[in-house]
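Visitor: Could you walk me through one part of this model in detail? I'd like to hear about the pocket and whatever sits around it.

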Amino acid sequence: MLTGPLHSIISVAFICRQPLTAGINRETTLNRFMRYQTQSPCETTAPVSKLSTIATALGMKDPYTLEHNRRVAIYVRRLAKRIGLNGTAADNIRLGGLLHDIGKIGLSTKVLNNTLDRLSGDMLAEVQLHPLTGARILKDFNVPPAVIDFVLYHHEKMDGTGYPFGLRSGQIPLGAKIIRVADCFDAITTDRPYQQRKSWIEALAILRQLSGTDLSPLLVEAFIADIKEYGLARRPTRFIAFYSPVSARRF
Ligand SMILES: [Fe+2]
């Protein structure tokens with residue numbers, strides 16, 4: 001099996017040519033993914049640092065998502081620390097935040113450049129595959145299984161109406177719930193082709209509206225306290241900066 005940069009580049013090429021376009025059969029894709037999950041893992045996987053190749057490719061295709069991933073990583077490490085997590089648990093959540101939308105490298109330019117606030121059914125189905133695509137990419141790398149779970153489940157909601165599996169509160173890993181809170185906040189407070197950013201005060205009010213049905217109430221309150229104390233994430237970050245354990249560094 002190939003390893004190293006060549007493997008990373010081939011992985012990107014493979015993902016980019018996936019048929020994630022209009023008319024996709026979501027059920028079939030889910031079944032295919034579940035079959036993939038049960039296959040024995042690769043004997044040799046690429047090191048996590050090689051994921052920077054995919055992150056670079058994602059940034060060239062979709063600069064917003066690359067920066068969004070970086071901001072979310074900052075928020076999740078702050079939130080993890082605030083609720084008392086440290087060591088490997090905090091490191092995994094931070095890496096999960098950095099990688100949570102890496103599956104968007106598989107989205108078509110039609111979806112990425114969409115300016116409508118509502119997506120068509122086909123476009124929505126395509127977007128809803130990105131957690132699966134992300135998990136599929138990460139399985140070829142030496143990423144902790146917990147991090148792959150965070151990426152896979154970061155769009156699940158407390159009331160079971162999320163995707164791709166419709167998990168409910170107790171079934172969703174804590175790391176995925178933390179990423180979801182930060183993901184929502186950053187999406188609200190930044191400009192997108194289809195929406196203007198809202199103020200952080202408005203964004204926190206929206207998080208409270210989503211608390212209980214979509215987001216974990218405990219995490220929402222901790223996140224609100226953190227934003228009031230430390231403000232928004234603006235500091236630019238690089239992928240490699242996240243590769244060293246957070247437990248060994250200050251932020
Ligand atoms: Fe996402």
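**A close look at the largest pocket**

Guide: Sure. Keep in mind that this is a predicted model. The largest pocket has a lining of 36 residues, and the ones nearest its centre are Leu119, Val127, His155, Arg192 and Tyr194. If you want a number for the space inside, the largest pocket holds about 1200 Å³. As for chemistry, its lining is a mix: 15 residues are nonpolar, 10 polar and 11 charged.

Where does that lining come from? Four helices, α4 (63–82), α6 (109–112), α7 (121–127) and α10 (174–188), each put in at least two residues. The largest share belongs to α10, with 5 residues of the lining. That makes α10 a handy thread to follow from here.

Start with the loop that leads into it. Between α9 (145–152) and α10 runs a loop that contains Pro164. The peptide bond joining Tyr163 and Pro164 is cis, with omega at about 5°. Worth a check if you set up the model for your own calculations.

Now for the company that α10 keeps. Two packed helices are described by the angle between their axes and the distance between the axes. For α10 and α12 (residues 217–230), the axes come within 10 Å and cross at roughly 50°. The two helices are therefore oblique to each other, and their crossing is right-handed. On the α10 side, the contact is made by Leu174, Lys177, Ile178, Val181, Ala182 and Phe185, while α12 brings Leu219, Val220, Phe223 and Ile227. Sorted by type, the contact has 9 nonpolar residues, no polar ones and 1 charged.

Lys177 is a name to hold on to, as it belongs to that helix contact and also turns up in the lining of the second largest cavity. What else lines the second largest cavity? Along with Lys177 there are Glu156, Lys157, Met158, Ile172, Arg180, Asp214, Leu215 and Ser216. The volume of this cavity is about 40 Å³, and the model has 2 cavities of 30 Å³ or more. Its lining splits into 3 nonpolar residues, 1 polar and 5 charged.

So here's the tour in brief. α10 gives the largest pocket 5 lining residues, crosses α12 at roughly 50°, and follows a loop that holds Pro164.

Notes: Residues numbered from 1 in each chain as written. Predicted model: local features only at pLDDT ≥ 70, side-chain atom pairs only at ≥ 80, totals over all residues. Heavy atoms only, no water. 1 Å grid on protein atoms, 1.4 Å probe; cavity = no way out; pocket = protein on both sides within 12 Å on 5 of 7 lines; lining within 4 Å. Points joined across faces, edges and corners; volume = space filled by probe spheres on them. Nonpolar A, V, L, I, M, F, W, Y, C, P; charged D, E, K, R; others polar. Axes fitted to C-alpha atoms, helices over the stretch in contact; angles between N-to-C directions. Parallel < 35°, antiparallel > 145°, perpendicular 65-115°, else oblique. Left-handed = near helix turned anticlockwise from the far one by under 90°. Contact = heavy atoms within 4.5 Å.
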